[in-house]
Amino acid sequence: MGELSVLRKEIDKARTSLSIQVDAGADTGLGPRSPSGPGSLWPTFEPPSPISEEHFWLDSPFPGGFNQLYSPGYQFGSTGGGRYRIHHGVDIGNPVGTPVLATASGEVVHAGPDNPTLLGPYNDFYGNSVVIRLDRKLNTSRGEQDVFVLYGHLVSVDVQEGQWVGAGDYLGGVGMTGIAIGPHLHMEVRIGQNSYLHTVNPALWMRPAAYTGTVAVRLLSAAGRTWPGVQLSLYRYEEAGVRWYRVVETYPEKESIGPDPSWGENGALSHIPVGTYLLSGFVNGEEVRQEISVRDGETTFVELRTQQ
Ligand SMILES: [Zn+2]
């Protein structure tokens, strides 16, 4: 009992420090709000789907020694606390000119500015970009589908359309062409079509870094509907106590942002250090919590259901 109350205190403390961080950007009134009701019916299969298997097909786009981590404040499907457009990919910050490598083998189907070719919500959004159609196809309930990986905001592009590239081949350098604040790589995974409205969460496709794993979350109502735009916190159990680690925000029901065919998730995080965690948060005033363990090189799937 004593231990439990200490744990609760630690969690409350971590929550307080978290809310300060979140509130700093929430004055605009555009930050995520707890939804007043759940959204659409969501997949309920036990993942990974027997049709579309687990798919850590992608290596890191950066050589060792460079930053590999996605910006946690602008996750797939989020708006960065209301500051930006809904994110259809992930961002990895590195200095201008850092080599960007092909994450898997395939054919270059786009190389150069995204004008006149439309890759984003409007032209000149991703700037100098490369899109690769992977050699591997994904089996889904709708048959075999193409998988595309997009690399945006490059300073230079060193491949050409029609060219085949292998995993690890040099594509170009990190830049900030198009709409970008600071140099970073924007990466997207697109299924079925090379289109802005066919993206899934790259966190579920990138092989986790050493001694880390991926977490896929499915937060549903009692009736199996998604809860969009909810922030859940991941707390790490450590010898010294429980430490707030990161927030996962569930996907909005906008701009075709949706679940991966293999996982049916509505939120995901990558590069989580191996260990035991508590995932918890409030949905419409109701507390949800689940202990999970993150294993090396694997995806931990967790489904949470509210009573509502
Ligand atoms: Zn981005």
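**Exercise 1. Determine which residues V130 touches in this predicted model, leaving aside those up to four places away in sequence.**

Solution. Step 1: contact here requires C-beta atoms within 7 Å. Step 2: with residues up to four places away in sequence not counted, V130 touches V108, H110, A111, Y151, L154, V157, V159, L171 and G172.

**Exercise 2. Place strand β4 among its partner strands, and state how much of β4 is buried.**

Solution. Step 1: β4 spans residues 128–134. Step 2: strand β3 (residues 106–113) runs antiparallel to β4, and 7 bridges join the two. Within this pair, N128 of β4 stands opposite P113. Step 3: β4 also pairs with strand β7 (residues 147–154), again in the antiparallel sense, over 5 bridges. Here R133 has F148 of β7 as its bridge partner. Step 4: of the 7 residues of β4, 6 are buried, and the strand is thus mostly covered.

**Exercise 3. Describe the largest nonpolar core and identify where its residues come from.**

Solution. Step 1: this core has 61 residues. Step 2: the residues with the most contacts inside the core are V130, I132, V149, Y151, A203 and V217. Step 3: β7 supplies the largest share of the core, namely 6 residues. Step 4: at least three residues of the core come from each of domain 1 (2–44 + 208–305) and domain 2 (72–204). In general, nonpolar side chains of soluble globular proteins tend to be buried together.

**Exercise 4. Give the strand order of the open sheet of 4 strands, and explain why β15 and β18 stand at its edges.**

Solution. Step 1: the order is β15-β14-β17-β18, with antiparallel pairing. Step 2: β15 (241–249) and β18 (286–294) each have a single partner strand, so one side of each is left without a neighbour in the sheet. Step 3: on average, neighbouring strands of this sheet are turned by 25 degrees against each other, direction ignored. Step 4: at the β15 edge, 8 bridges join β15 to the antiparallel strand β14 (residues 231–238). E238 stands opposite G241 in β15.

**Exercise 5. Assess the confidence of the model over the chain and over residues 14–31.**

Solution. Step 1: the chain has an average pLDDT of 90, and 89% of the residues score at least 70. Step 2: over residues 14–31, pLDDT stays under 50. Step 3: the model has 18 contacts beyond four places in sequence for residues 14–31. Step 4: where pLDDT is low, predicted coordinates should not be read in detail.

Technical notes: Residues numbered from 1 in each chain as written. Predicted model: local features only at pLDDT ≥ 70, side-chain atom pairs only at ≥ 80, totals over all residues. Pairing = 2+ DSSP bridges. Axes fitted to C-alpha atoms, helices over the stretch in contact; angles between N-to-C directions. Buried ≥ 20, exposed ≤ 12 C-beta atoms within 10 Å, placed from the backbone. pLDDT = per-residue confidence, 0-100. Contact = placed C-beta atoms within 7 Å. Core = buried A, V, L, I, M, F, W, Y, C linked by C-beta atoms within 7 Å. Domains from an automatic or database assignment.
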